[in-house]
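Here is a short briefing on one protein model. Keep the sequence and the 3D view side by side as you read.

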Amino acid sequence: MTGLAKYRIAWLPGDGIGKDVMDCARLVLDQLALDAEYVPGDIGWEFWKSEGDPLPQRTIDLLKQTDCALFGAITSQPGEEAEQALAPELRGKGHAYFSPIVRLRQQFDLHTNLRPCKAYPGNPLNQRDDIDIVVFRENTEGLYSGVEFFPLPQEVLEVLSAHHPSMAKFEKFGRENIALSARIMTRQGCERIVTQAFDYARKHGRRSVTVVDKPNILRETGGLMIRTAREVAGRYPGITLQETNIDAQCMWLVKNPQDIDILVAENMFGDILSDLAAQLVGGLGFACSANLGAEYAVFEPTHGSAPKYAGQYKVNPMAMLLSARMMLDWLGEDDRAQRLEGAVAEVIAEGRVRTYDVGGSNTSLEVAAAVAGKL
Ligand code: IPM
Ligand code: MG
């Protein structure tokens with residue numbers, strides 16, 4: 001030991017195959033000889049079941065003492081199933097499950113979810129080899145703000161009815177039969193995410209940014225997003241702003257994916273767009289992401305926890321390896337980041353070592369070892 005490592009990185013495997021893919025990341029990071037200390041943290045379903053909290057306070061405290069976090073995957077289930085899963089002594093005590101990754105994004109104000117969807121030539125799952133889409137998803141507000149009601153409280157019903165004629169048609173159902181999820185968007189939130197997209201465009205020589213929403217129907221929230229995007233675009237001469245509706249944009253993604261550059265959207269629309277875009281370049285096994293704030297960042301593959309494969313080292317680790325690459329980028333480790341991406345691209349191009357989703361029979365660790373071998 002030669003004293004303190006350069007970086008302290010929180011190590012959060014989470015649930016299911018989270019640990020499998022984190023082991024793969026570790027293999028590659030060690031090969032790159034990153035000067036880091038990896039600090040394990042508790043997060044996920046296990047801690048929900050045993051403590052009634054999938055993101056214990058001790059984990060939040062730990063993250064505050066690290067530079068950034070690498071995160072595996074999380075199992076989430078709807079309310080009733082979650083309650084049933086609790087240890088008997090915790091049931092009926094008012095514990096409410098809320099996705100810990102969504103909470104992390106909100107708690108650390110990780111406003112930008114950056115999701116590159118790039119085709120690496122040689123991947124047989126690519127829809128085409130010339131796709132290079134980058135999705136900027138607003139990560140802390142919008143429809144995933146977490147402001148929800150069921151049943152609808154009387155006071156909320158009264159306020160809504162007093163302020164909006166459209167509420168009249170719901171009153172007859174009774175508030176005990178009405179669920180409400182609020183789509184809350186702020187000018188600051190819209191400005192932040194659109195600015196990130198334009199900054200990225202400028203830095204990477206991209207020609208256009210497309211803001212995706214549905215302002216003809218969601219007039220207030222969608223309207224705010226589009227107006228704010230126009231203001232921001234005014235500060236970036238030479239980069240075109242395009243405006244599309246979410247439904248049409250999904251169609252064009254399938255139709256002309258090679259023409260699409262940078263997409264920026266509110267939380268739920270960005271969530272949907274990023275899965276769709278990921279599928280064009282190999283699916284969730286290749287989809288990486290970064291949750292970025294001003295001071296902190298969490299890097300994670302977009303995929304879920306695939307409980308049925310947990311511990312089998314069967315799933316594709318590329319999404320995780322590319323997420324680790326984004327982490328290296330963010331840390332300013334440009335050279336290591338580039339080498340890692342190059343190694344991933346090479347292994348994909350050769351096509352000799354592949355997990356089942358790509359038609360191969362190699363394990364996650366074999367794929368990671370192949371990547372490490374190229375470094
Ligand atoms: C994602 C996932 C998460 C999200 C879930 C697991 C909460 O779908 O990162 O895209 O919706 O943000
Ligand atoms: Mg998603």
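The accessible surface of the protein comes to about 17200 Å². Carbon and sulfur atoms account for 52% of that surface. Keep in mind that this is a predicted model.

**Overall build**
- The protein has 14 helices and twelve strands.
- Its radius of gyration is 22 Å, close to the 21 Å that the globule rule gives for 375 residues, so the protein is as compact as a globular protein of that length.
- Along the principal axes, the C-alpha atoms fill a box of roughly 65 × 60 × 40 Å.
- Of the 375 residues, 52% are buried.
- Take the contacts between residues at least 6 apart in sequence: 77% of them join residues at least 24 apart.

**Charges**
- How many positive and negative charges does the protein have? There are 39 positive and 50 negative charges.
- The mean positions of these two sets are 3 Å apart.

**Cysteines**
- The disulfide count is zero, with a pair of sulfur atoms within 2.5 Å as the rule.
- C24 is in no disulfide, and the nearest cysteine sulfur, that of C288, is 15 Å away.
- C24 counts as buried because its relative accessibility is 0%, and the cut-off is under 20%.
- Why does C288 form no bond with C117? The sulfur of C117 is the closest cysteine sulfur to that of C288, but at 7.5 Å it is too far for a bond.
- C288 also counts as buried, at 6% relative accessibility.

**Backbone exceptions**
- Most residues other than glycine have a negative phi, and most peptide bonds are trans.
- The peptide bond from F150 to P151 is cis, with omega near -5°.
- P151 lies in the loop between β6 (148–149) and α6 (154–163).
- A33 is not a glycine, yet its phi is positive, near 55°.
- Look for A33 in the loop between α1 (18–31) and β2 (36–40).
- D109 is another residue other than glycine with a positive phi, about 50°.
- D109 sits in the loop between α5 (100–107) and β4 (112–118).
- Is D109 buried, partly exposed or exposed? D109 is partly exposed, with a relative accessible area of 35%.

**Helix α5**
- The buried residues of α5 are P100, I101, V102, L104 and R105.
- An α-helix has 3.6 residues a turn, so residues three or four places apart point the same way.
- D109, with its positive phi near 50°, follows α5.

**Helix α10 and its cover**
- Which residues of α10 (residues 246–255) are buried? They are I246, A248, Q249, C250 and L253.
- Strands help to cover these buried residues, including β5 (132–138), β8 (208–213), β9 (240–245) and β10 (262–265).
- Helix α11 (267–280) is also part of the cover.
- L276 belongs to helix α11.
- Leaving out residues up to four places away in sequence, L276 touches C250, L253 and V254.
- L276 and L253 are 23 residues apart along the chain, and their C-alpha atoms are separated by 7.7 Å.
- L276 counts as partly exposed, at 22% relative accessibility.

**Q242 in strand β9**
- Q242 lies in strand β9.
- Q242 is partly exposed, with a relative accessible area of 40%.
- Neighbours within four places in sequence aside, Q242 is in contact with S208, V209, T210 and V211.
- Q242 and L322 are 80 residues apart in sequence, and their C-alpha atoms are 28 Å apart in space.

**T355 in a loop**
- Where is T355? T355 is in the loop between α13 (334–350) and α14 (364–373).
- T355 counts as buried, at 1% relative accessibility.
- Beyond its neighbours within four places in sequence, T355 has contacts that include K314, V315, N316 and P317.
- Other contacts of T355 include G360, N362, T363, S364 and V367.
- T355 and N316 are 39 residues apart in sequence, but 5.5 Å apart in space, C-alpha to C-alpha.

How values were computed
Residues are numbered from 1 along each chain as its sequence is written. Chains are lettered from A and ligands numbered from 1 in the order in which they are written. This is a predicted model: local features need pLDDT of at least 70, side-chain atom pairs count only at pLDDT 80 or more; totals for chains, interfaces and linings use all residues. Side-chain values use heavy atoms; hydrogens and water are left out. Helices (H or I, at least four residues) and strands (E, at least two) are DSSP runs, numbered from the N terminus. The radius of gyration is taken over C-alpha atoms; the globule rule is 2.2 Å times the number of residues to the power 0.38. Buried means under 20% relative accessible area, exposed over 50%, partly exposed in between (1.4 Å probe, protein chains only). Contact means heavy atoms within 4.5 Å. Accessible areas come from the Shrake-Rupley method with a 1.4 Å probe; for residues, only the protein chains shown count as cover. Lys and Arg count as positive and Asp and Glu as negative; His and the chain ends are not counted. The place of a charge is taken as NZ of Lys, CZ of Arg, CG of Asp or CD of Glu.
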